[in-house]
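Me: I should like a close look at a single part of this model, namely the surface that the protein presents to the DNA. Please treat it in one connected account.

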Number of protein chains: 2
Amino acid sequence: MELDERKRTILHAIVRNYLETGEPVGSRTISKMADMALSSATIRNEMADLEEMGLILQPHTSAGRIPSDLGYRVYVDEMLQRHEAEGEQSRSLQTDEHVSLEDREQALQDREERLLDREAKLEKLLKQVARMLATDTNYASMISAPMVRRNKLKFIQISRVDVSTLLVTVVVEGNVIKNRMIPVADVLDDETLLKLNILLNTRLGGLSAEEINLGLIAAIKQEGGKHSELITSVIDAAAEAITEDEDLQIYTSGANNIFRYPELADKENASGLITTFENKQDLTSLVESTLEGEASEPGTGIQVYIGGESPVQSMKDCSVVTATYELGEGMRGTVGVIGPKRMDYDKVIGALKKMMRALDDLYKKT
Amino acid sequence: MELDERKRTILHAIVRNYLETGEPVGSRTISKMADMALSSATIRNEMADLEEMGLILQPHTSAGRIPSDLGYRVYVDEMLQRHEAEGEQSRSLQTDEHVSLEDREQALQDREERLLDREAKLEKLLKQVARMLATDTNYASMISAPMVRRNKLKFIQISRVDVSTLLVTVVVEGNVIKNRMIPVADVLDDETLLKLNILLNTRLGGLSAEEINLGLIAAIKQEGGKHSELITSVIDAAAEAITEDEDLQIYTSGANNIFRYPELADKENASGLITTFENKQDLTSLVESTLEGEASEPGTGIQVYIGGESPVQSMKDCSVVTATYELGEGMRGTVGVIGPKRMDYDKVIGALKKMMRALDDLYKKT
DNA sequence: TATTAGCACTCGATTCGAGTGAGTGCTAAC
DNA sequence: GTTAGCACTCACTCGAATCGAGTGCTAATA
C-alpha cells in the first residue's frame with residue numbers, strides 16, 4: 001500500500017493532535033478539523049489503512065489512534081527535511097536572533113577570560129547550556145564536554161613550593177593543565193631545578209604519549225644523574241596528563257521534568273531514567289552514537305532517536321534529539337534533549353539549533 | 001502524663017514494627033509480641049495515652065498507630081545515646097572492622113599519590129563514598145567537599161608556555177592549586193620573568209586576602225615597572241584563587257532509591273527531591289546546619305533530622321542523618337543519608353560511623 | 001485498682017455491576 | 001469513492017455492598 005498525499009495529511013493531523021493532547025485521537029476529531037473536507041467514516045477507512053501500514057495503532061479496540069514509533073519517524077523525517085531546507089535559507093539571510101547567551105558573551109568580552117584555563121570555565125558554560133535547554137523546552141537535557149585532542153606535551157615545569165614539596169605543572173596540547181605535588185626528602189637548589197626544567201622541556205616538549213618510551217626515559221634519567229627518582233615522578237605525572245582518558249564528562253539538567261509527562265512518571269520509568277541521569281555512564285553511548293551518525297551523514301547535525309531507536313535502554317519510552325556542537329579547534333561534543341515520545345519536536349529542534357548557533361558564535365568571535 | 005517504662009516499651013515496639021512493615025500497627029500486633037504479657041485492651045489504653053502525648057497518631061479512625069515526628073524523635077534520641085555509649089566502649093577496644101575503603105587505602109599506599117593535587121582525586125573519593133553509602137543503605141546520600149581554610153598565598157609562579165602565552169600558577173594554603181593562562185603581546189625574556197617571580201613571591205607570599213590591598217598592589221606595580229599590566233593580571237588570578245568562595249561542592253548518589261519507598265515516590269515528592277538532588281544548591285543549608293549543630297554540641301558527630309526538622313523544604317517527608325567528617329588539617333565536611341522517615345536509623349547511623357572511621361584512618365595514616 | 005474479655009462501631013479498601021461515552025468496523029445507500 | 005447509519009467494544013466512573021483490621025467503651029475479673 002502506498003502512503004499517498006491524503007494518508008500523509010491524515011497521519012500528520014493525528015500526530016500533531018496527539019502531541020498536543022496526549023490522548024488517542026479519533027476519526028471524528030480529524031474530520032472536524034478546518035482543512036479536512038472528509039467525513040469521519042472516510043477518515044476511519046484511511047486510518048485502518050494507516051494502521052495496517054504500521055504507522056498508527058490503537059491502545060485498545062474502542063479507543064482512537066496514536067502514532068506508532070514508525071509513524072513518529074515519518075513525521076520527524078519530514079520535519080527534519082523542512083528544517084534543513086530552512087537552514088540553507090537562513091544561513092544566507094544570517095538571522096541574528098541568538099541572544100540567549102549574551103550575558104556569557106559579555107563575560108567573555110575581556111580578552112583574558114577567553115583564553116582561560118578551559119577545565120574550570122568550560123564546565124560552567126556547559127552547565128549553563130544544559131540548564132537553559134531544560135528550562136526552555138521543559139524536557140531533560142544533557143551535554144557532553146567536548147573531546148579534546150591532547151596527546152602532545154607542551155610544557156613542563158617543576159617548582160619548589162616549600163622546602164619539602166615540589167610542584168609539577170604540565171601543560172598539554174589544548175591548554176589542559178595538570179598539577180601534581182611531590183614531597184621530597186632532599187632539598188634541591190635553584191640551579192639544579194632550572195637544569196632539570198630545561199632538560200625535561202627540551203627532551204619531552206612536543207612529544208606525544210607514544211613517543212615517550214622506556215628508552216627515552218632511561219636516557220633522560222641518565223642525564224639527570226642522581227635525580228632519577230624525581231624524574232620518574234615527573235614523567236609519570238606528565239604521562240598521566242596526556243593519556244588520562246578522563247571518562248567523558250557529561251552534564252545533565254532538568255531531570256525532574258520527566259514528572260511532567262505521565263507516561264514517563266511511573267515508578268518504573270522514572271527510577272530508570274533518574275538512575276541514568278545520575279550515573280551519566282549510560283549516556284556516553286548516546287554521545288558516541290550521535291558523533292558516529294553525524295560523521296556518516298553530515299546534515300544539519302540534528303539527530304532524533306524515537307523510543308527504542310535510542311541506544312540507551314532506559315529511554316525506550318522517550319525520544320531523544322541530539323546535535324553535535326563544535327567549539328572550534330575540532331573540539332566537538334554532543335548536546336541533547338530527552339523527553340516523551342510525544343515531545344514537541346519542532347520546538348526542541350529549534351531550541352537546539354539556536355543553541356548551537358550561539359555556541360558557534362561564542363567561539364568564533366575569538 | 002509521664003512516659004513510664006511500659007509506655008516507653010510500647011512506643012518502641014510500635015516504632016520498630018512500623019519501621020519494618022511500613023503499615024500502621026494495631027494493639028493486637030503488639031500484645032502478641034514475644035516479650036509482651038499484656039492484652040490488646042491494655043495496649044489500647046496505653047496507646048490512647050501515647051497518642052494524647054503526641055508520640056503516635058492514627059492515619060484514620062479505624063487504623064493502627066504510626067509514630068509521630070515526636071515519637072520518632074524520642075526513639076532516635078535513645079538510640080543515639082546508646083550509640084554514644086557504645087562508641088566510648090569501642091574506642092578503647094579499638095575494633096578493626098573498617099575494611100570497606102581498603103582498595104582506596106591501597107591506592108594511597110605509595111607516598112606520591114597521597115599528597116596529590118587534591119581537587120582531582122578528592123572528587124573521586126567523595127563520589128565513591130557517596131555511592132557506597134547509597135548502595136549500603138538503599139537510601140539516597142550526599143557528601144560535601146571539605147571546606148578548606150585557604151586564605152594565605154603560598155606560592156606564585158609565572159612561566160612562559162609559548163611565545164604568546166604565560167601561565168600563572170598559584171598555590172594557596174591547603175595546597176589548592178589554581179592555573180590561569182594569560183595571552184601576552186610583548187615577549188618577556190627569562191630574566192624579567194625570574195625577577196617578576198621573585199618580586200611577587202617576596203611581596204605576596206604568606207599574605208591573606210585582606211592583606212593584599214590596593215596600596216600594596218600599587219607598590220608592587222611600581223616596582224614592576226613597565227609590566228604593571230601583567231602584574232595586575234597575576235594578582236587578579238591570585239586574589240581569585242584565595243577568595244573564590246567556590247560554591248560548596250556537593251556530591252549525591254542513589255537518588256533513585258527514593259522510588260523504593262512509596263511514601264516518597266509520588267510525583268509531588270519525587271519531583272521535589274530529584275530537583276533538590278540535581279541542583280545541590282538547597283543541600284548547602286543541610287551542610288551548614290550540620291556543622292553548626294556539631295559545633296554547638298560535639299557528641300558522636302551524628303545528627304538526625306526528622307521530617308520538618310530538616311532545613312530543606314522538599315525533605316519534609318524524609319529523615320536525614322548527617323555526620324561531620326574530618327580529613328585532618330581541619331578540613332571538615334558533611335556527609336548524610338536521606339531516606340523516608342521510617343528509615344532504618346540504626347543501620348544508617350552504623351554505616352555513617354563506619355564510613356567516618358574509614359575516612360579518619362585514611363588520612364591519619366599519612 | 002489494674003487488667004481483661006466482649007461488643008458495637010468506624011472507616012478505608014475491595015469488589016461488583018450498571019451506566020456512559022468515545023470510538024470503531026461494517027454495510028448499504030448515494 | 002464517499003457517506004450515513006447502526007451495532008458493538010471497552011475503558012472509565014460511580015455508587016452500593018461487603019470485608020476486616022482496628023478502635024473505644026463497659027463490665028467483669030484477679
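Me: Which polar backbone atom is 3.4 Å from a sugar or linking oxygen of DNA strand C?

Reply: The backbone atom belongs to A:A63, and the distance of 3.4 Å is taken from one of its polar backbone atoms to a sugar or linking oxygen of DNA strand C. The model is a predicted one, and every distance below is to be read in that light.

The surroundings of DNA strand C may be described next. This strand is surrounded by 21 residues, and A:S27, B:R6, B:S39, B:T42 and B:S62 are the closest of them. Of the atoms of DNA strand C that come within 4 Å of the protein, 75% are accounted for by sugar and phosphate. Two contacts from chain B involve phosphate. In B:T42, a polar side-chain atom lies 2.7 Å from a phosphate oxygen of DNA strand C. In B:T61, an N or O atom of the side chain is 3.3 Å from a phosphate oxygen of that strand. As for secondary structure, α3 of chain A and α3 of chain B are the elements that give two or more residues to the surface near DNA strand C. The largest share, four residues, comes from α3(B). By residue class, this surface divides into five nonpolar, twelve polar and four charged residues.

DNA strand D can be taken in the same order. Here 21 residues surround the strand, the closest being A:R6, A:T42, A:S62, B:S27 and B:R44. Sugar or phosphate makes up 73% of the atoms of DNA strand D within 4 Å of the protein, and the rest belong to bases. Three of the closest residues, from chain A, can be given with their polar contacts. A polar side-chain atom of A:T42 lies 2.6 Å from a phosphate oxygen of DNA strand D. For A:R6, the distance from a polar side-chain atom to a phosphate oxygen of the strand is 2.7 Å. A:S62 places a polar side-chain atom 3.0 Å from a sugar or linking oxygen of DNA strand D. Near this strand, α3 (40–52) of chain A and α3 (40–52) of chain B each supply at least two residues of the surface. It is α3(A) that provides the largest share, again four residues. The residues of the surface near DNA strand D comprise five nonpolar, twelve polar and four charged.

The relation between the two protein chains completes this part of the picture. A turn of 180° with a shift of 0.1 Å along the axis lays chain B on chain A with an RMSD of 0.3 Å. The two copies are thus related as by a two-fold rotation axis. Of the interface residues of chain B, 100% are also interface residues in chain A, so the copies meet through the same surface.

Finally, chain A as a whole gives the context. Its domain assignment lists domain 1 (5–67), domain 2 (115–148 + 248–365) and domain 3 (153–243). The centres of domain 2 and domain 3 of chain A, taken over C-alpha atoms, are separated by 39 Å. Chain A contains 14 helices and ten strands, and 51% of its 366 residues count as buried. Among contacts in chain A with a separation of 6 or more, 61% are between residues 24 or more positions apart.

How values were computed: Residues are numbered from 1 along each chain as its sequence is written. Chains are lettered from A and ligands numbered from 1 in the order in which they are written. This is a predicted model: local features need pLDDT of at least 70, side-chain atom pairs count only at pLDDT 80 or more; totals for chains, interfaces and linings use all residues. Side-chain values use heavy atoms; hydrogens and water are left out. Domain bounds come from an automatic or database domain assignment. A residue is near a molecule or strand if one of its heavy atoms lies within 4 Å of it. A polar contact is a pair of N or O atoms within 3.5 Å; within protein, one must be able to donate a hydrogen and the other to accept it, and residues adjacent in sequence count only if both atoms are side-chain atoms. Ala, Val, Leu, Ile, Met, Phe, Trp, Tyr, Cys and Pro count as nonpolar, Asp, Glu, Lys and Arg as charged, and the others, Gly among them, as polar. Copies are superposed by least squares on the C-alpha atoms of residues with pLDDT of at least 70 in both. Contact means heavy atoms within 4.5 Å. Buried means under 20% relative accessible area, exposed over 50%, partly exposed in between (1.4 Å probe, protein chains only).
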